[in-house]
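Reader: I'd like to learn how to read helices and cavities in a model like the one below. Could you walk me through it?

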Amino acid sequence: MKNNSIIYQLALRSFTPEGTLKATQKRISYLASLGVDIIYIGPFFVQDEDADVSTWSERQRLSGTYNPKNPYKIADYFNVDPEFGTSDDVKSLVDEIHKYGMKVIFDLVYMHCGRNAVFAKEHPDFFMRNADGSFKIPAGYPFPRLNLNNSELRNYLLSNMEYLVSEFDVDGFRCDMGDYVPLDFWEESFQHIKKKKPDLITINEGVEPECINGVFDWCYGWPGQDERSFRKTVVDMLTANKTAEDLKTFYDDNYKDYGENHKKLMLFMDNHDTANDSHMERLERKLGSQAVEAILVLSNTYPGISFLWNGNEFCDDAENCMFSNRYHGRRSAINWSKAFTKEGIERLAFVKKIFALRHNSDGIENGNFEWIENSMPEKIISYARVSAKQKLIVAVNIANGTVDTVLEADGKINVLMSRGAQINDGNTVFEPYGYIIAEYTN
């Protein structure tokens, strides 16, 4: 896949009011209209139904949904949970996605699973055990940890990957907590699968630089973990906890370990974790639609892979609780009515336009990254993406106020996208959270 690819993550419980595979299929043409390349579907396999609250994660307990089923606590890696539908529904959904020329990836949750996994009794050695034979539970997750040093378990999980590819024609995998699984397991498994599917897409939910040095295609864009992530750095800038210069510091401090592979880091404003953990304090509510649009300008032009969480494209601000479904909790699906509001209509138009720009920009696909100087470096982020065919420039005001600045320039520019930015005699006046994306014409 290309460096200008666009990934759209959807969680079945959030994406539609029904929360099913069939309901999701009806909206695939809509996703194609956005210009998405890859649809990443969260887990839909049989979930553990252990009613013992002590086996639930902290966030599951705090959700107040009293739902024993967690999509990231799998009981059966080979079968579809009836909550979401059937295997035939998965096949039909994948066929529909492929019909529109898009790719689809599934979630692999191999670091842990439920205590009631279908193989637990027959293969107790598939789990890591304490000296007394009890499950070894990793810190922070009260789920049994799988023993990836066990060759039989490795073969079992490899057969699961093979099944998903052969049965559903899936194009790739996002690997949950991939850094905690031995890298040689991923390497050997992917090499095997690629004999049948050479263009397999692989994404690591992790930060280790060696993971994208010939093993995974892409990794999550949060080097240094969340406290020093792209998302947190940008959000802190927009809430006045940091300045625009902090993004440059973040780049210099965190991307150097990746070398050229920094272009393989995914840049997200939200994913299933951040959306769930935000509760009702979603960024659309906390920052406002114009500030969120500024984040999307950065995540689609900064070095890395564009990643969009379902509903961000029309300013969804509903609670997206991953434990809530039609049987438990507050049915926290994305609020599709937002797509018909003024801000929702404007966001949809913006997303389609910047996705098209991203696909058609040689600077983004092939260009190097350069910082551009400006006279207000604490409030204005400015940089260029430079290839042999194009010099694309981006400038974004992170301040909730008007800023007058002079951008370093070496020729005439052609404005491709902008909001709240006026260029006058070399000066650029930015309205709150205004931005400009342009290219040099000489």
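**Helices and a cavity**

Author: Gladly! This is a predicted model, and we can begin with helix α13, where the buried residues are Gly344, Arg347, Leu348, Phe350, Val351, Ile354, Phe355, Leu357 and Arg358.

Reader: What span does α13 reach from its first C-alpha to its last?

Author: Helix α13 covers residues 342–360, 19 residues in total. Its span is 27 Å, close to the 27 Å expected at 1.5 Å a residue.

Reader: Which residues are buried in helix α7, and why do they line one face of the helix?

Author: Here is the general idea first. An α-helix has 3.6 residues a turn, so residues three or four places apart point the same way. In α7 (residues 183–193), Phe185, Trp186, Ser189, Phe190 and Ile193 are buried. Viewed down the axis of α7, these buried residues fall within an arc of 115°, so they line one face of the helix.

Reader: And what covers the buried residues of α7?

Author: The cover includes the strands β5 (103–108), β6 (172–175) and β7 (201–204), along with helix α6 (151–168).

Reader: Now to empty space: how many cavities of 30 Å³ or more does a search of the whole structure find?

Author: One. The largest cavity holds about 140 Å³ of space. It is lined by 15 residues, and the closest to its centre are Ala11, Leu12, Arg13, Pro71 and Met322.

Reader: Which elements give two or more residues to that lining?

Author: Those are α1 (12–15) and α10 (272–278), with α1 giving the most, three residues. By type, the lining has nine nonpolar residues, five polar and one charged.

Note on methods:
Residues are numbered from 1 along each chain as its sequence is written. This is a predicted model: local features need pLDDT of at least 70, side-chain atom pairs count only at pLDDT 80 or more; totals for chains, interfaces and linings use all residues. Side-chain values use heavy atoms; hydrogens and water are left out. On a 1 Å grid over the protein atoms alone, a cavity is a set of points where a 1.4 Å probe fits but cannot get out, and a pocket is an open set with protein on both sides within 12 Å along at least five of seven lines; lining residues have an atom within 4 Å of a point. Grid points are joined across faces, edges and corners, and a volume is the space filled by probe spheres set on the points. Helices (H or I, at least four residues) and strands (E, at least two) are DSSP runs, numbered from the N terminus. Ala, Val, Leu, Ile, Met, Phe, Trp, Tyr, Cys and Pro count as nonpolar, Asp, Glu, Lys and Arg as charged, and the others, Gly among them, as polar. The expected span of a helix is 1.5 Å times one less than its number of residues. Buried means under 20% relative accessible area, exposed over 50%, partly exposed in between (1.4 Å probe, protein chains only). The arc is that of the directions from the helix axis to the C-beta atoms. Contact means heavy atoms within 4.5 Å.
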